Amino acid sequence: MNRQKLILTVLLALLGVSLIYSFFRMPRQKRAPAPASAPATAAKKAAVPRKAVSPPAAQQRVDERKLRLDLLEATPPPFAGFRRNIFQPIFREEAKPSRLPLPAPPVRPALPKPPPPPPIAAPVPPAAPAPTPVQQEMARFTFLGFMKKDNQKTIFLSSSNEIFLVKKGDKIAGKYEVTNITDEALTIHVLADGSEIIIPLVENKPLSAPRR
């Protein structure tokens, strides 16, 4: 315990010595020596009698330190606008037209018109084949109707304002023999070549023999 007190006492002593040393070593402000002309200037000022300050001059100095509110309330003159365009030289340089004229666009030659297409010929319908002799001879007769009696049918044919009654076994125009008669058709036998032809029966229509 005594040792700690001894160490504390030594530290406090060192602190006091350092404070005293720093106080004496601290730089102090010194006054500069007066110039040589200072006494003469002071004597001159003492010789010149002071003038009494007039009240108007003192009043004028006081007025210079005041805030001039009347200047804030005054209306400023209207703005007359700019009298000179400071950007005019720049715009003049940009607006200068080029001295070289632009070449004229090339003229394209007119293309010749294509010739009109040739007219399309209308298709020629095929010529109808000439009727056979059997068709020509049968077309001269017109079927008018038929009659049935005793299970035997008789047809009525007209040609050149004449009416002919034809039944099975009869001959037409001396060349064709009737072999069969039904409600729908007439069957004839060609005596020249022995062939048979079936002709449909349509009332009030000429006999239309098929082509062979």
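**Surface patch and strand pairing**

In this predicted model, Val 10 is partly exposed, as its relative accessible area comes to 43%. The residue belongs to helix 1, which covers residues 2-25. Val 10 also takes part in a nonpolar patch on the surface, together with Leu 6, Ile 7, Leu 11 and Leu 14. These residues jointly offer about 490 Å² of accessible area. Because patches are made of residues with over 30% relative accessible area, Val 10 at 43% passes that cut-off.

Turning to the strands, an open sheet is built from 4 strands in the order 3-2-1-8, with antiparallel pairing. Its edges are taken by strand 3 (162-167) and strand 8 (205-206); each has a single partner strand, so one side of each is left without a neighbour in the sheet. Strand 3 is joined to strand 2 (residues 152-159) by 6 bridges, and the two run antiparallel. Within this pairing, Thr 154 has Lys 167 of strand 3 as its bridge partner.

Strand 5 (residues 176-181) pairs with strand 4 (residues 171-172) in the antiparallel sense over 2 bridges, and 5 bridges join strand 5 to strand 6 (residues 185-190), again antiparallel. Glu 177 is a handy residue to follow here: it is the bridge partner of Lys 171, and Glu 177 also stands opposite His 189 in strand 6.

Both connections are hairpins. Strand 4 and strand 5 have 3 residues between them, and in this hairpin Ala 173 adopts a positive phi near 55°. The hairpin of strand 5 and strand 6 likewise has 3 residues between the strands.

Key: Residues are numbered from 1 along each chain as its sequence is written. This is a predicted model: local features need pLDDT of at least 70, side-chain atom pairs count only at pLDDT 80 or more; totals for chains, interfaces and linings use all residues. Side-chain values use heavy atoms; hydrogens and water are left out. Patches are made of residues with over 30% relative accessible area and no salt bridge: like charges are joined within 9 Å, nonpolar side chains (Val, Leu, Ile, Met, Phe, Trp, Tyr) within 5 Å. Accessible areas come from the Shrake-Rupley method with a 1.4 Å probe; for residues, only the protein chains shown count as cover. A salt bridge is a side-chain nitrogen of Lys or Arg within 4 Å of a carboxyl oxygen of Asp or Glu. Buried means under 20% relative accessible area, exposed over 50%, partly exposed in between (1.4 Å probe, protein chains only). Two strands pair if DSSP finds at least two bridges between them.
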